[in-house]
Amino acid sequence: MKIGIVSDTHGCAATWREVYSRYFADAELIIHAGDVLYHGPRNAIPAEYDPKSLAEELNACPVPLIIACGNCDAEVDSLVLDTPVQAPYAYILRDNLRIIVNHGQHLDDVTKWEMARRMKAGLIITGHTHTAALEKRDGIIWLNPGSPAMSKREDKRGTVGIIDDGRVMILDAGTGEVVIAEYINEK
């Protein structure tokens, strides 16, 4: 099972093309944790901002796509995307792994872990911060894949997530370097 995980693309079509071709083209599923098309009122407009092209590419994507609603996603985005934008979260069961996806802007640290336990999830995915994070508590993994195009990391590296061969990994979107990884089934 290979799953690609991305968040906060904010209309950056060229970055999506690169990330898709390098990391997601052979995936069985792609999970997007929100803020898909719009750059957002707090962000500068990226040079590659092209939400129309990104919507067209996502609609043509041959890999199944699950999208959770972000704070910059609006109803109009749902009208141009063929994949439903799910709110307030998406719930996925894949190969006996329960996954919760929520953009994260209203999900504090305590609530996200409680939700994962209550819903018997092994993985909770959030976005919103544009900063990658991976943490494991009591057998539950929390992943924020960061943003491939609008990183807010100190080093400005764009990042994406991958689940492959029982590992959850954060990758540098430019180099493919594994930034951090955790095994799913190990406590």
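## A loop with a positive phi

Let's start with Lys 120, which lies in the loop joining helix H4 (109-118) to strand S7 (123-125). Please keep in mind throughout that this is a predicted model. Lys 120 is not a glycine, yet its phi is positive, at about 55°. Is Lys 120 buried or exposed? With a relative accessible area of 61%, Lys 120 is exposed, because the cut-off for that label is over 50%.

His 10 also deserves a look here: its phi is near 45°, again a positive value in a residue other than glycine. The place of His 10 is the loop between strand S1 (2-6) and H1. His 10 has a relative accessible area of 0%, so it counts as buried.

## A cis peptide bond

Another backbone feature to visit is the peptide bond from Ala 87 to Pro 88, which is cis, with omega near 0°. Pro 88 belongs to the loop that runs between strand S4 (85-86) and strand S5 (90-94).

## Asn 43 and its contacts

Asn 43 sits in the loop between strand S2 (29-32) and H2. Although Asn 43 is a loop residue, it counts as buried, with 16% relative accessibility. The cut-off matters for this label: buried means under 20% relative accessible area.

Which residues does Asn 43 touch, once its neighbours within four places in sequence are left aside? The contacts are His 10, His 130, Met 150 and Lys 152. His 10 is the residue with a phi near 45°, so it is useful to have both loops in view when you look at this spot; His 10 is itself buried. As for the start of the chain, Met 1 is 42 residues from Asn 43 in sequence, and their C-alpha atoms are separated by 35 Å.

## How H1 meets H2

Now for the helices. The axes of helix H1 (residues 13-24) and helix H2 (residues 51-60) come within 8 Å of each other, crossing at roughly 30°. That angle makes H1 roughly parallel to H2, because angles under 35 degrees are counted that way. On the H1 side, the contact is made by Ala 13, Trp 16 and Arg 17, while H2 supplies Ser 53, Leu 54, Glu 57 and Leu 58. By type, the residues of this contact are four nonpolar, one polar and two charged.

Which residues of H2 are buried? They are Ser 53, Leu 54, Ala 55 and Leu 58. Their cover includes H1, strand S3 (65-68) and helix H3 (75-80). Ser 53, Leu 54 and Leu 58 also take part in the contact with H1.

## Aromatic rings and a charge

How many aromatic pairs are there? The count comes to two. In one of these pairs, Trp 16 and Phe 24 are tilted, with 6.0 Å from centre to centre and 55° between the planes. Both partners are buried: Trp 16 has a relative accessible area of 3%, and Phe 24 has one of 0%. Trp 16 and Phe 24 also belong, with Tyr 20, to one aromatic cluster. Trp 16 thus links two parts of this tour, as it is also among the H1 residues in contact with H2.

A last stop is the ring of Trp 142. The charged end of Lys 112 sits over this ring, 3.2 Å from its centre.

Terms used
Residues are numbered from 1 along each chain as its sequence is written. This is a predicted model: local features need pLDDT of at least 70, side-chain atom pairs count only at pLDDT 80 or more; totals for chains, interfaces and linings use all residues. Side-chain values use heavy atoms; hydrogens and water are left out. Axes are lines fitted to C-alpha atoms, for helices over the stretch in contact, and angles run from 0 to 180 degrees between N-to-C directions. Helices (H or I, at least four residues) and strands (E, at least two) are DSSP runs, numbered from the N terminus. Angles under 35 degrees count as roughly parallel, over 145 as roughly antiparallel, 65 to 115 as roughly perpendicular and the rest as oblique. Contact means heavy atoms within 4.5 Å. Ala, Val, Leu, Ile, Met, Phe, Trp, Tyr, Cys and Pro count as nonpolar, Asp, Glu, Lys and Arg as charged, and the others, Gly among them, as polar. Rings of Phe, Tyr and Trp (its six-membered ring) pair if their centres lie within 6.5 Å; planes under 30 degrees apart count as stacked, over 60 as edge-to-face and the rest as tilted. Buried means under 20% relative accessible area, exposed over 50%, partly exposed in between (1.4 Å probe, protein chains only). A charge sits over a ring if NZ of Lys or CZ of Arg is within 6 Å of the ring centre and within 35 degrees of the ring normal.
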